[in-house]
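Here's a quick tour of one protein model, from its cysteines to its cores and a couple of its helices. Have the sequence and the 3D view open as you read.

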Amino acid sequence: MDAMVSVKDGEVWAHDSGAPGGKAGDGPLPLVLLHPGVGDSRIWDPVLPRLTERHRVIRYDARGYGRSPAPTAPYSLVEDLIAVLDHFGVARAVLAGSSMGGATAISLALHDPARVAALALVVPGVTGAEELVSRAFTAEVGRLAEAGDIEGIVALTLRTSAAGGSGDDPEAEAHIRSVIPAWFASHPHHVPDPPAFDRLGELDVPCVLVLGERDQPEVVRTNEIMADRIPGCRVVRLAHSDHFPTLREPEAVADAILEAYGAVT
């Protein structure tokens, strides 16, 4: 079931698969998928069949991404996630978040622990650790944006975030091209959620962290530190993945998500 969900001063597109064999809204603990900044909710397509086979799955596009309108007012990613959960009547869920979506999942788990049953973090970001991520990459994207060089931004992102692909990587390139307008539209309105990096030790839920060994070195190192700080976190290292694990090794990503779900007591 597709829905346009009301959020503060806007709306986002969402989809509820419903419980297997039932209608949307039925079934036990839902699984909520949060996409990265390098793709919209379609990034999960390669892993969806295995997830929806046995679970109710909810996914949505962050503001400006995919089928969601661009923001026109200040917004918080965590507040939007809460609005989506409330819309579908979800009091508690397993969250699977990739990159930007991983940061949002962590932030909700710290903000309202009762709503998060487990975390599957896929090459996750985290608020409060910006100094660990490549400032050179961010600065270069800014320079290219100022020059209006969209092709330069695509090429840079393919060389860094999509380094695990071949020279000809149309699938990753299509995702990157589709989200660049969202980067520009969302940036002026996005209000970062509170820093979470120094609070990772407070997390008290089952957690599996998927790390792409061909991701940017700064991202790999940050993910390693995050896993060390999260109590009981199990790390899954994917040798052939960069910042697009659902494209590179979808079966392994699905395994990790289902493992996190299965650890819920």
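What follows covers the cysteines, the nonpolar cores and two helices of this predicted model.

## A cysteine pair without a bond

Let's start with the sulfurs. The model holds zero disulfides. Cys207 is in no disulfide, and its nearest cysteine sulfur belongs to Cys233, 3.6 Å away. Why don't Cys233 and Cys207 count as bonded? A disulfide needs the two sulfur atoms within 2.5 Å, and the 3.6 Å between the sulfurs of Cys233 and Cys207 is too far for a bond.

Both cysteines are tucked away from the surface. Cys207 is buried, with a relative accessible area of 5%, and Cys233 is buried too, at 16%.

## Two nonpolar cores

The largest nonpolar core has 43 residues, and Leu95, Ile106 and Leu119 have the most contacts inside it. Helix H2, residues 77-87, is the top contributor to this core, giving six residues. There's also a second, separate core of 39 residues, with Leu33, Val47, Ile153 and Val208 among its members.

Leu119 is worth a click. Setting aside neighbours within four places in sequence, Leu119 is in contact with residues including Leu95, Ala105, Ala109 and Leu203. The list of Leu119 contacts also takes in Val205, Pro206, Cys207, Val208 and Ala260. So two names from elsewhere in this report turn up there: Cys207, the unpaired cysteine, and Val208, a member of the second core.

## Helix H4

Helix H4 runs over residues 135-146, and its twelve residues reach 16 Å from first C-alpha to last, close to the 16 Å expected at 1.5 Å a residue. Which residues of H4 are buried? They are Phe137, Val141 and Leu144. Looking down the axis of H4, these buried residues fall within an arc of 65 degrees, so they line one face of the helix. That buried set packs against helix H5 (150-160).

Flip to the other side of H4 and you'll find Arg135, Ala136, Thr138, Ala139 and Glu146 exposed. After H4 comes Gly148, with a positive phi near 70 degrees.

## Helix H9

H9 covers residues 250-262. At 1.5 Å a residue, its 13 residues should span 18 Å, and the end C-alpha atoms are indeed 18 Å apart.

In H9, the buried residues are Val253, Ala254, Ala256, Ile257, Ala260 and Tyr261. Seen down the axis of H9, they fall within an arc of 160 degrees, so they line one face of the helix. One of them, Ala260, is also among the contacts of Leu119.

Methods
Residues numbered from 1 in each chain as written. Predicted model: local features only at pLDDT ≥ 70, side-chain atom pairs only at ≥ 80, totals over all residues. Heavy atoms only, no water. Buried < 20%, exposed > 50% of the residue type's maximum accessible area, 1.4 Å probe, protein only. Core = buried A, V, L, I, M, F, W, Y, C linked by side-chain atoms within 4.5 Å. Helix = DSSP H or I, 4+ residues; strand = E, 2+ residues; numbered from the N terminus. Contact = heavy atoms within 4.5 Å. Expected span 1.5 Å × (residues − 1). Arc of directions from axis to C-beta.
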